[in-house]
Amino acid sequence: PPRHWGFIAQDIETALAARNLDRGSLGALVVSPETDRYGLRYDQLIAVLWSACRTMIARLDALEARPAPP
């Protein structure tokens, strides 16, 4: 059977809560109060993921630029 690769909306909600953000903080997370169904708008995650990649690249560049310990 085909595999589905993706994010779990509840994991995104947990990550937001860990940063003291609520569900409404990210337009990509969709929760239906009537059915308690979760969904994600993947197109809304692109900017967030790109920002995280830029941050990690900058940190990696800074670590690689440090002189090696003696």
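Start by selecting Asn20, which is exposed, with a relative accessible area of 75%. Asn20 sits in the loop that joins helix 1 to strand 1. Its phi is near 60°, a positive value in a residue that is not glycine. Most residues other than glycine have a negative phi. The model on screen is a predicted one.

**The whole chain**

Zoom out and colour by secondary structure. The protein chain has 2 helices and 2 strands, and from the N terminus on the order is α-β-β-α. The radius of gyration is 17 Å, well over the 11 Å that the globule rule gives for 70 residues, so the protein chain is more spread out than a compact globule. Along the principal axes, the C-alpha atoms fill a box of roughly 60 × 35 × 20 Å. Colour by accessibility next: buried residues make up 13% of the 70 residues. Of the contacts with a separation of 6 or more, 30% are between residues 24 or more positions apart.

**The hairpin**

Select residues 29-32 and 37-40, which are strand 1 and strand 2. The two strands pair in the antiparallel sense, over 4 bridges. Show Ser32 and look across to strand 2, where its bridge partner is Arg37. In a regular strand the side chains alternate between the two faces of the sheet.

Now move to the turn. The hairpin has 4 residues between the strands. Select Asp36, which is placed in the loop between strand 1 and strand 2. Asp36 has a positive phi of about 60° although it is not a glycine.

**Ala9, in helix 1**

Go back towards the N terminus and select Ala9, which lies in helix 1. Is Ala9 buried or exposed? Its relative accessibility is 7%, under the 20% cut-off, so Ala9 counts as buried. Show the residues around it: leaving aside those up to four places away in sequence, Ala9 touches Leu29, Tyr38, Gly39 and Leu40. For a distance, pick the C-alpha atoms of Ala9 and Gly27, which are 12 Å apart in space and 18 residues apart in sequence.

**The largest pocket**

Which residues line the largest pocket? Select Phe7, Ile12, Ala15, Leu16, Arg19, Leu21, Leu26, Leu45, Val48 and Leu49. The elements that give two or more residues to this lining are helix 1 (9-18) and helix 2 (46-65). Helix 1 gives the most, with 3 residues. Colour the lining by residue class to find 9 nonpolar residues, no polar ones and 1 charged. The space in the largest pocket comes to about 310 Å³. Rolling a probe the size of a water molecule over the atoms shows where empty space is left.

**Along helix 2**

Keep Phe7 from the pocket lining selected, and add Asp61, which lies in helix 2. How far apart are Asp61 and Phe7 in space, C-alpha to C-alpha? The distance is 28 Å, with their positions 54 residues apart in sequence counted as a separation. Asp61 counts as partly exposed because its relative accessibility is 44%, a value between the 20% and 50% cut-offs.

Notes: Residues are numbered from 1 along each chain as its sequence is written. This is a predicted model: local features need pLDDT of at least 70, side-chain atom pairs count only at pLDDT 80 or more; totals for chains, interfaces and linings use all residues. Side-chain values use heavy atoms; hydrogens and water are left out. On a 1 Å grid over the protein atoms alone, a cavity is a set of points where a 1.4 Å probe fits but cannot get out, and a pocket is an open set with protein on both sides within 12 Å along at least five of seven lines; lining residues have an atom within 4 Å of a point. Grid points are joined across faces, edges and corners, and a volume is the space filled by probe spheres set on the points. Ala, Val, Leu, Ile, Met, Phe, Trp, Tyr, Cys and Pro count as nonpolar, Asp, Glu, Lys and Arg as charged, and the others, Gly among them, as polar. Two strands pair if DSSP finds at least two bridges between them. The radius of gyration is taken over C-alpha atoms; the globule rule is 2.2 Å times the number of residues to the power 0.38. Buried means under 20% relative accessible area, exposed over 50%, partly exposed in between (1.4 Å probe, protein chains only). Contact means heavy atoms within 4.5 Å.
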